[in-house]
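Colleague: I am new to reading protein models. Could you walk me through one, feature by feature?

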Amino acid sequence: MQPVILDNLVGELREARAVVVLTGAGVSAESGIPTFRDAMEGLWAKYDPSQLATPEAFDRDSEIVTRWYDWRREKCATAKPNPAHLALARLEEHLATPERGFTLLTQNVDRLHQAAGSRNVVELHGTLWVWRCTRCGIEREERTVPFQEYPPRCACGGARRPAVVWFGEMLPEQALKQAHDALATCDFFFSVGTSAVVEPAANFIYSVRHRGAKTVEINRDATPISRVVDWSLLGKAGEVLPELVRRAFGI
Ligand code: NAD
Ligand code: ZN
């Protein structure tokens, strides 16, 4: 079934000058990377992500937390960008002109946007491809899957943890600043594949609406912001986004 894209959205999008897109786990779902809600399968069914993705969990049992991340790294290592990632990369290429702008704010830690060719990507929650020493703070890319030890160790002897934002932790300052700069000037905002309940991302929609930017949500299900946005498109990101950019820009 063709996703329903309203003509007035297509017309307005063609006039957009500065587009900001916020993405969440739903955008990677069609690449086979489970959202948190769906991630607790098999071996991990008895756990709750809010008990694994915390600094306290890592302090208590760094081995089990690392093994869970290694399982997720394995899924991400073999995953390929899906039509939603590719459509966003095409949209950026089309809009990245001196007169226009495009910023992708992602809560995803899998780097599939970069793999698809997106360039102006702000990683709000870090990435599971970088690991940070809990003793000396040094960060290093860790692409080898699986790890040889749980947790992997730094040369200084400290345990390394994923450079992701865990429950209860602050977002990286630099990423947050980039996000706020983009949000302060955008005239079009998309929220795609995110449940829109986690702060501060949940707040983005209200700040851009307040400034008069046009707002669109693309999600498989209705969320708390579905009734707040100008256009709520219910459907899979991998179907709706390609159709939208094709209709608007022929790309
Ligand atoms: P979430 O609940 O915000 O994301 C799931 C959302 O995606 C839901 O609203 C769901 O309706 C929607 N969705 C699912 N499939 C979709 C599809 N095909 N098309 C459109 N929408 C779809 O996020 P979460 O899963 O609770 O994760 C919380 C945080 O955990 C993330 O923000 C991220 O930091 C991390 N995480 C990252 C990844 C990743 O990098 N791929 C995966 C899981 C979790
Ligand atoms: Zn160290």
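Modeller: Happily; we will look at the ligand, then the aromatic rings, then some backbone features. This is a predicted model, where local features need pLDDT of at least 70, side-chain atom pairs count only at pLDDT 80 or more, and totals for chains, interfaces and linings use all residues. Residues are numbered from 1 along each chain as its sequence is written, chains are lettered from A and ligands numbered from 1 in the order in which they are written, and side-chain values use heavy atoms, leaving out hydrogens and water.

Colleague: Which residues come nearest to ligand 1?

Modeller: A residue is near a molecule if one of its heavy atoms lies within 4 Å of it. Here 25 residues surround ligand 1, and F36, Q107, V109, H125 and N219 come nearest. The shell holds seven nonpolar, eleven polar and seven charged residues; Ala, Val, Leu, Ile, Met, Phe, Trp, Tyr, Cys and Pro count as nonpolar, Asp, Glu, Lys and Arg as charged, and the others, Gly among them, as polar.

Colleague: Which helix gives the largest share of that shell?

Modeller: Helices are DSSP runs of H or I with at least four residues, strands are runs of E with at least two, and both are numbered from the N terminus. Helix 2 gives the largest share, four residues. Helix 2 (25–29) and helix 3 (36–39) each supply at least two.

Colleague: What polar contacts does ligand 1 make with E30 and H125?

Modeller: A polar contact is a pair of N or O atoms within 3.5 Å. A nitrogen atom of ligand 1 is 2.9 Å from a side-chain N or O atom of E30, and an oxygen atom of ligand 1 is 2.5 Å from one in the side chain of H125.

Colleague: How do I read a pair of aromatic rings?

Modeller: You describe such a pair by the distance of the centres and the angle of the planes. Rings of Phe, Tyr and Trp (its six-membered ring) pair if their centres lie within 6.5 Å; planes under 30 degrees apart are stacked, over 60 edge-to-face and the rest tilted. The count here is eight aromatic pairs. The rings of Y69 and W166 have centres 6.3 Å apart and planes at 50°, so this pair is tilted.

Colleague: Which peptide bonds are cis?

Modeller: Among them is the bond from V145 to P146, with omega near -5°. Another joins Y150 and P151, with omega about -5°. P146 and P151 are both found in the loop between strand 5 and strand 6.

Technical notes. A polar contact is a pair of N or O atoms within 3.5 Å; within protein, one must be able to donate a hydrogen and the other to accept it, and residues adjacent in sequence count only if both atoms are side-chain atoms.
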